[in-house]
Amino acid sequence: MNEQLLNAIQALIKNFDCEEKVDRGEHTLFLEGKDIFDASQTLRDEFGFNLLSSLTATDYWPEEQPRMHLSYQFFSIEHNIHLRLRVPLAGDDLNVPTIETLY
């Protein structure tokens, strides 16, 4: 694994109590909605993830609870690495802070 990616993952896990999942070599960190702004800012400012390449929402109902998930795909052009942050949301609370001012 790329050292820059490893450092970013370790920092986010430590600072935001994320859960990491790896599927086919792609790393996804699951975190709470309240942490998305600060985690995104950390990726940008400390680890060079200067591009938000996609932001999607998926409804997993009825298979999964919480049913709604936001997926943020970040990319570092300089280091040629990407990392996904995923925010599960309960059906009764679908609000998260925006990261519009960062990207």
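Q: Which residues have the most contacts inside the largest nonpolar core?
A: In this predicted model, the largest nonpolar core has 24 residues, and those with the most contacts inside it are Leu12, Leu43, Phe49, Tyr72, Leu83 and Leu85. The elements that give two or more residues to this core are H1, H2, S4 and S5, and H1 gives the most, with 6 residues.

Q: What does leucine 12 touch, leaving out residues up to four places away in sequence?
A: Leucine 12 touches Asp17, Cys18, Leu29, Ala39, Thr42, Leu43, Leu83 and Leu85. Among these partners, Leu43, Leu83 and Leu85 are also named with Leu12 as residues that have the most contacts inside the core.

Q: In what order do the strands of the sheet lie, and how are they paired?
A: The 5 strands form an open sheet in the order S1-S2-S5-S4-S3, with mixed pairing. At the edges are strand S1 (19-23) and strand S3 (51-59), each of which pairs on one side only, and the twist from one strand to the next averages 25 degrees. S1 pairs with strand S2 (residues 26-30) in the antiparallel sense over 5 bridges, and one partnership between them joins aspartate 23 to glutamate 26 in S2.

Q: Which strands does each of the helices H1 and H2 touch?
A: Helix H1 (residues 3-16) packs on the sheet and touches S1, S2 and strand S5 (81-89), its direction making about 25 degrees with that of S5. Helix H2 (residues 36-47) also packs on the sheet, touching strand S4 (68-76) and S5, and its direction makes about 170 degrees with that of S5.

Q: Is serine 76 buried or exposed, and what does its side chain meet?
A: A residue counts as buried when its relative accessible area is under 20%. Serine 76, which lies in strand S4, has a value of 0% and is therefore buried. A polar atom of the serine 76 side chain lies 3.0 Å from the backbone oxygen of glycine 48. Beyond its neighbours within four places in sequence, serine 76 is in contact with Phe47, Gly48, Phe49, Asn50 and Ile81.

Q: How many salt bridges are found, and which parts does the pair of arginine 86 and glutamate 64 tie together?
A: A search of the whole structure finds 7 salt bridges. In one of them the side chains of arginine 86 and glutamate 64 meet at 4.0 Å, N to O. Because arginine 86 lies in strand S5 and glutamate 64 in the loop between S3 and S4, this pair ties together parts that are 22 residues apart in sequence. Arginine 86 is buried at 15% relative accessible area, whereas glutamate 64 is partly exposed at 29%.

Definitions and conventions
Residues are numbered from 1 along each chain as its sequence is written. This is a predicted model: local features need pLDDT of at least 70, side-chain atom pairs count only at pLDDT 80 or more; totals for chains, interfaces and linings use all residues. Side-chain values use heavy atoms; hydrogens and water are left out. Two strands pair if DSSP finds at least two bridges between them. Helices (H or I, at least four residues) and strands (E, at least two) are DSSP runs, numbered from the N terminus. Axes are lines fitted to C-alpha atoms, for helices over the stretch in contact, and angles run from 0 to 180 degrees between N-to-C directions. Contact means heavy atoms within 4.5 Å. Buried means under 20% relative accessible area, exposed over 50%, partly exposed in between (1.4 Å probe, protein chains only). A polar contact is a pair of N or O atoms within 3.5 Å; within protein, one must be able to donate a hydrogen and the other to accept it, and residues adjacent in sequence count only if both atoms are side-chain atoms. A nonpolar core is a set of buried Ala, Val, Leu, Ile, Met, Phe, Trp, Tyr and Cys residues joined through side-chain atoms within 4.5 Å.
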